[in-house]
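Here are some short exercises to help you find your way around a structure you haven't met before. Try each task yourself, then read the solution below it.

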Amino acid sequence: MLVHVSNPTTLVRLSRSLSLVHTSRALNDDPRWPGWDVVVGIEVHAQIKSRHKLFSECGQGSLTSDYSVPPNTRVSPYDAAFPGTLPRLNPRCVELGVRTAIALNASVQRRSSFDRKHYFYADLPAGYQITQHYAPFATDGRLTLSKEDVHVRIKQLQLEQDTGKSTFDPRNRVSEIDLNRAGTGLMEIVSEPDMRSPEEAADYVRTLQALLRSVGSSDGNMEQGSLRCDVNVSVNRQGAPLGTRCEIKNLNSVKFMMIAIVSEVHRHIDLLEQGLAVPQETRGFNEDRAETYSLRSKEDAPDYRYMPDPNLPPLLLNEAYVTEICQSMPELPQAARARLLALGLSRRDVDVLMDIDSGREITFDGQRSGGALAYFDQVAQRRDPRLVVNWITHELLGQLASRRETFSENSISVEQMGGLIDLLHNKKITGTSGKSLMRHILATRTTTMPSTLAQELSLLASPADDSNLEAWCAEAIAALPEEADAARRGNANVVNKIVGRVMKASRGTANAQSVKAMLLKLLH
Ligand SMILES: Nc1ncnc2c1ncn2[C@@H]1O[C@H](COP(=O)(O)OP(=O)(O)OP(=O)(O)O)[C@@H](O)[C@H]1O
Ligand SMILES: [Mg+2]
Ligand SMILES: [Mg+2]
């Protein structure tokens with residue numbers, strides 16, 4: 001059905017009633033593709049952070065991408081599909097799944113079940129993967145993105161097994177199979193097609209990563225393979241029904257995911273502008289060429305022959321179990337963000353704090369750092385939160401960065417940081433001295449309290465001691481006669497240069513404002 005309407009309000013109303021446009025954002029023109037709407041839905045596979053696999057008691061190491069573990073050393077007979085072995089559901093995987101579902105505001109199903117998804121591949125010894133195709137354990141959730149006020153609906157969460165890994169060596173044409181990962185627990189988190197740009201898709205993945213880490217259910221690391229995304233992309237002319245989706249598999253970073261979406265959007269638009277249809281396909285992404293390529297069309301889609309797994313009874317979760325988990329949930333990132341904003345912190349400071357806390361800060365050796373939020377909370381107890389956040393996000397992070405260190409290597413204890421803030425707050429030291437003190441603690445990794453250090457290093461401010469101040473100012477005026485003359489003629493900029501000299505003479509202990517006042521008094 002074709003509807004020609006020039007008034008956008010009418011169009012929104014009309015389209016809504018025809019269920020053509022899902023949100024009013026659909027009418028926001030993106031200069032990259034004017035006249036087109038982009039629609040993205042994401043299937044995330046997150047490795048569950050449990051000690052044992054989903055259906056066997058085999059240890060899975062800290063991470064299955066832990067290369068220090070030799071291949072095929074974390075494999076139970078069940079994982080290798082020996083005849084006669086039976087699955088036994090790991091309750092810890094269920095608990096972490098339920099935690100995640102609650103964090104995503106999803107309804108946890110009191111009854112769910114497991115199905116077999118059949119296909120043949122060397123890294124899948126049983127010839128099927130156990131998943132929750134017909135009855136997932138949680139449905140109808142919601143994730144609010146952190147950068148923009150966008151809600152993404154979560155269709156469902158299901159528990160499933162991961163496969164092994166196969167690597168092909170083209171030189172001697174041999175495929176090597178490693179079953180260490182086989183049978184590891186995954187959560188598949190399926191979003192509704194609610195994202196409207198590559199940026200929203202990136203925000204979704206990052207927000208979800210932070211959430212998974214905060215509830216402790218997954219490391220959520222794309223580079224290391226503990227979080228993998230299949231991204232579904234479609235485009236449609238503004239106001240028209242949704243276009244045909246293509247699914248891009250195996251994206252291993254948020255950056256590549258965004259590039260893949262942009263390239264896919266342009267490919268769809270090119271086809272549609274030529275009057276061609278977009279065929280529904282599963283596609284791969286070539287990182288070097290920054291474009292997607294066809295893996296298989298819908299017609300070639302394998303028939304998975306889903307069937308209930310006869311060896312596993314339904315998963316029944318009672319009210320008390322879910323309530324107990326609800327009551328032990330940690331503070332979620334969204335709540336923490338709201339709490340920090342209510343304390344009067346700026347959006348930017350909150351973003352920085354939350355970003356380091358969720359481990360998004362990538363370190364030089366590829367490790368993650370964390371705990372910034374707890375650090376802030378402890379230091380800010382009974383102290384001015386804005387002063388504290390300022391010294392953490394600006395000064396501390398700045399100094400750590402210049403030392404090429406990350407927050408996890410921060411040697412300043414909560415007590416020391418608190419002490420430093422108190423000295424600053426009570427004007428016992430100046431800001432300049434505070435910075436020097438911090439530099440000193442980081443360099444020496446001393447555990448001495450800042451008040452003692454300030455004394456030892458003669459950094460305590462001497463604001464009351466006007467005679468000192470006057471002497472320093474007089475000296476500076478004498479040392480900089482030309483500047484002093486210019487200042488007398490009213491050149492305000494030059495005064496700052498003289499202030500700088502006095503600050504240096506005082507080794508940062510003088511208060512810049514008092515210095516300026518004294519200089520002006522002496523100059524006139
Ligand atoms: N028109 C569309 N444009 C973009 N994404 C879409 C569109 N329609 C559906 N999607 C997204 O496609 C995904 C479909 O995932 P789902 O797991 O339901 O099925 P599947 O991809 O067919 O199966 P499998 O799990 O075997 O890959 C969802 O994330 C959904 O939001
Ligand atoms: Mg899926
Ligand atoms: Mg899919």
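The exercises below go from the whole chain down to single residues, and the model they use is predicted.

**Exercise 1. The overall layout**

Task: Work out how the protein chain is divided into domains, and how its radius of gyration sits against that of a compact globule.

Solution:
- Step 1. Start with the pieces: the chain is split into domain 1 (8-320), domain 2 (336-456) and domain 3 (466-523).
- Step 2. Count the secondary structure, and you get 16 helices and 16 strands.
- Step 3. Now for the spread. For 524 residues, a compact globule would come out near 24 Å in radius of gyration, but this chain has 30 Å.
- Step 4. Look at the outline too: the C-alpha trace spans about 90 × 60 × 55 Å along its principal axes.
- Step 5. Finally, check the domain centres. Those of domain 1 and domain 3, taken over C-alpha atoms, are 64 Å apart.

**Exercise 2. Burial and contacts**

Task: Find what share of the residues is buried, and what share of the contacts joins residues at least 24 apart.

Solution:
- Step 1. Of the 524 residues in the chain, 37% are buried.
- Step 2. Take the contacts between residues at least 6 apart in sequence; 68% of them link residues at least 24 apart.

**Exercise 3. Around the ligand**

Task: Describe the shell around ligand 1: how many residues are in it, and which strand gives the most?

Solution:
- Step 1. Ligand 1 is surrounded by 16 residues, and the closest are Gly41, Pro193, Asn232, Ser234 and Arg245.
- Step 2. Sort the shell by type: seven residues are nonpolar, four polar and five charged.
- Step 3. See which strands supply at least two residues each. They include E1 (36-47), E10 (185-191) and E11 (227-237).
- Step 4. The top contributor is E1, with five residues.

**Exercise 4. Helix H3 and its last stretch**

Task: Check the span of helix H3 against what its residue count predicts, then decide whether Val215 is buried or exposed.

Solution:
- Step 1. H3 runs over residues 198-215, which makes 18 residues; at 1.5 Å a residue it should span 26 Å.
- Step 2. Its end C-alpha atoms are 26 Å apart, so the two values agree.
- Step 3. Since 15 of its 18 residues are buried, H3 is largely enclosed by the rest of the structure.
- Step 4. Val215 belongs to this helix. It has 22 C-beta neighbours inside 10 Å, and the cut-off for buried is 20 or more, so Val215 counts as buried.
- Step 5. Who does Val215 touch? Leaving out residues up to four places away in sequence, its contacts are Arg99, Thr100, Ala103 and Pro330.
- Step 6. Val215 also sits 7.5 Å from Leu332, C-alpha to C-alpha, though 117 residues separate them in sequence.
- Step 7. Right after H3 comes Gly216, with a positive phi near 75 degrees.

**Exercise 5. Two unusual backbone angles**

Task: Say where Asn72 lies and where Asp140 is found, and give the phi of Asn72 and of Asp140.

Solution:
- Step 1. Recall the background: most residues other than glycine have a negative phi.
- Step 2. Asn72 goes the other way, with a positive phi near 60 degrees. You'll find Asn72 in the loop between E1 and helix H2 (91-103).
- Step 3. Asp140 isn't a glycine either, yet its phi is positive, about 55 degrees. This residue is in strand E6 (residues 138-144).
- Step 4. Check burial. Asn72 has 15 other C-beta atoms within 10 Å, so it is partly exposed. Asp140 has 14 C-beta neighbours inside 10 Å, so Asp140 counts as partly exposed.

Key. Residues are numbered from 1 along each chain as its sequence is written. Chains are lettered from A and ligands numbered from 1 in the order in which they are written. This is a predicted model: local features need pLDDT of at least 70, side-chain atom pairs count only at pLDDT 80 or more; totals for chains, interfaces and linings use all residues. A residue is near a molecule or strand if its C-beta atom, placed from the backbone, lies within 6 Å of it. Helices (H or I, at least four residues) and strands (E, at least two) are DSSP runs, numbered from the N terminus. Ala, Val, Leu, Ile, Met, Phe, Trp, Tyr, Cys and Pro count as nonpolar, Asp, Glu, Lys and Arg as charged, and the others, Gly among them, as polar. Domain bounds come from an automatic or database domain assignment. The expected span of a helix is 1.5 Å times one less than its number of residues. A residue is buried if 20 or more other C-beta atoms lie within 10 Å of its own, exposed if 12 or fewer, and partly exposed in between; C-beta atoms are placed from the backbone. The radius of gyration is taken over C-alpha atoms; the globule rule is 2.2 Å times the number of residues to the power 0.38. Two residues are in contact if their C-beta atoms, placed from the backbone, lie within 7 Å.
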